[in-house]
Amino acid sequence: MSNYIAAIDQGTTSTRCMLFNRRGEVVRVVQKEHQQIYPQPGWVEHDAIEIWERTQEVVREAIGGTDLSFSVVGLGITNQRETTIVWNRHTGQPYYNAIVWQDTRTKGICDQLAEQGGQDRFRAKTGLPLATYFSGPKVKWLLDNVEGLRAAAKSGDAIFGTIDSWLIWNLTGAHVTDVTNASRTLLMNLETLEWDDELLGIFGIPKGMLPKIVPSSDPETWGATSPEGPFGASIPVCGDLGDQQAALVGQTCFSPGEAKNTYGTGCFMLLNTGIEIVPSKSGLLTTVGYKFGSQPAVYALEGSIAITGALVQWLRDNLGIIQSAPEIEELAKTVEDNGGIYFVPAFSGLFAPYWRSDARGAIVGMTRYVNKGHIARATLEASAYQTREVLDAMQQDSGVKLQSLKVDGGMVANQMLMQFQADILGVPVVRPVVAETTALGAAYAAGLAVGFWGNTDDLRANWQIAKSWQPGMESDQRAKLYTGWKKAVTRTFDWIE
């Protein structure tokens, strides 16, 4: 009988269950989307119950929909980070919809907290700026605005978690989160890897509603799935990583100086800095990369971009310019260049390296010449330009010049985007055989915990190049295009008073 590791990858727009063999190859994948809820401009929510239902559905199909004789020996979970749920520990019912990482309703809270000490008030402890992105302000908003919730939190009835906590709690009853997800709350101390009492006091969040912080890969596990649950068996849940840290693990970036970029709903570049906490002076985040068992935590610098793949979805769903996401490449190929336009997708403000919640999206340089092909091309180019900005900041902070960029995520199937990315960076872009490395990273974390893989050398041996793109653009053309982008970005500032 074959043994496999399962991974649940709960993302911003969909949930997947994937099975992996010892070579890190995908044996089975089932994926289902869930609803995006927009109650008012700037607000983004998910139905946490729907996410749990979709999770059960994809698990059942992945486990029962294959004719292979196999056994699942461990489960890893990876998740959209910062998305915030508060639910009743007795009934399992959320008190409110999940508030998604893209949501900007907490701007007033962040501005108020920044009045003393500025936007970087908590950066020394948390590695993060004060921004609507993170979970802590979302929890405070819920406590301040949902009737009866603060009393329920104080009594111990209401508990908080990011999506990983929500899924693990539903699967096992354990109320935990790993260090990578905890590091995105603005509530965890990066050095102690514990909830910080001073920060909890400032945010007004009762400590009792928070999950226990655990390693990303834990051989002692946090419990096992119930035989009555979607897996139909008792399987140890022993891997947990926020999605971007999971991709760092899936890309086997285990040495300081190794970096990856994931192209999904947003775009996220992480650089391994080893066991050293590297403060950023260039608008990046200092975050936990992963922690395997009792080994020291490994840290990373991260550049977070809010809107990349979501911009393609916007063209499809809001404007109807394309009927499916893959069509954008063919549409973009109908023109030679972007026609002089730039599309800055600051729909939720600008993340790294600007952290401007007052910014909003803009298309600049419009003339009668521009058609939908140019808009499609500018949409793809926006992901590449934003990545260049993050890479520049990363090299400035770390002093390490990147030799090549490992890429993954849904958008890496787009040949035009990957070639333009190599051109605008001036370094090779490399895609591995398994491009969906987020789920793979979660599987690796669980597999290390149960001995499915012996060590990180086993994981490195699995990594193989599928395709690489070499830069072909002249340096003066690269500089001209990038200067235009930087100019376009400034046009999005100060839109929200």
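1. How do the residues of the lining of the largest cavity divide into nonpolar, polar and charged? In this predicted model, eight of them are nonpolar, one is polar and one is charged. The points below describe that cavity, then a second one, a strand and the cysteines.

2. The structure contains three cavities of 30 Å³ or more. The largest cavity encloses about 60 Å³ of space. Its lining is made up of Ile305, Val344, Leu350, Phe351, Ala352, Tyr354, Gln386, Glu389, Trp485 and Val489. The elements that contribute two or more residues to this lining are helix H12 (372-398) and helix H16 (475-490). Glu389 counts as charged and Gln386 as polar, in keeping with the division of the lining into eight nonpolar, one polar and one charged residue.

3. The second largest cavity holds about 30 Å³ of space. Leu271, Leu391, Met394, Gln395, Ser398, Val400 and Leu402 line this cavity. Helix H12 gives the most to the lining, with four residues. Five residues of the lining are nonpolar, two are polar and none is charged. Helix H12 is thus a topic of both this point and the previous one: it is named among the elements giving two or more residues to the lining of the largest cavity, and it supplies four residues to the lining of the second largest.

4. Strand E6 covers residues 84-88, and five of its five residues are buried, so the strand is largely enclosed by the rest of the structure. In a regular strand, side chains alternate between the two faces of the sheet. Both faces of E6 are covered, with Thr84, Val86 and Asn88 buried on one side and Ile85 and Trp87 buried on the other.

5. Which strand is joined to E6 by five bridges? The partner is strand E8 (residues 158-162), and the two run antiparallel. Within this pairing, valine 86 of E6 stands opposite phenylalanine 160 in E8.

6. A search of the whole structure finds zero disulfides. Why does cysteine 17 form no bond with the closest cysteine sulfur? The closest one belongs to cysteine 238 and lies 14 Å from the sulfur of cysteine 17, which is too far for a bond; a disulfide would need the two sulfur atoms within 2.5 Å. Cysteine 238 is likewise in no disulfide, the nearest cysteine sulfur being that of cysteine 17.

7. Are these cysteines buried or exposed? Cysteine 17 counts as buried because its relative accessibility is 0%, and cysteine 238 counts as buried at 0% relative accessibility. The cut-off for buried is under 20%.

How values were computed. Residues numbered from 1 in each chain as written. Predicted model: local features only at pLDDT ≥ 70, side-chain atom pairs only at ≥ 80, totals over all residues. Heavy atoms only, no water. Buried < 20%, exposed > 50% of the residue type's maximum accessible area, 1.4 Å probe, protein only. Pairing = 2+ DSSP bridges. 1 Å grid on protein atoms, 1.4 Å probe; cavity = no way out; pocket = protein on both sides within 12 Å on 5 of 7 lines; lining within 4 Å. Points joined across faces, edges and corners; volume = space filled by probe spheres on them.
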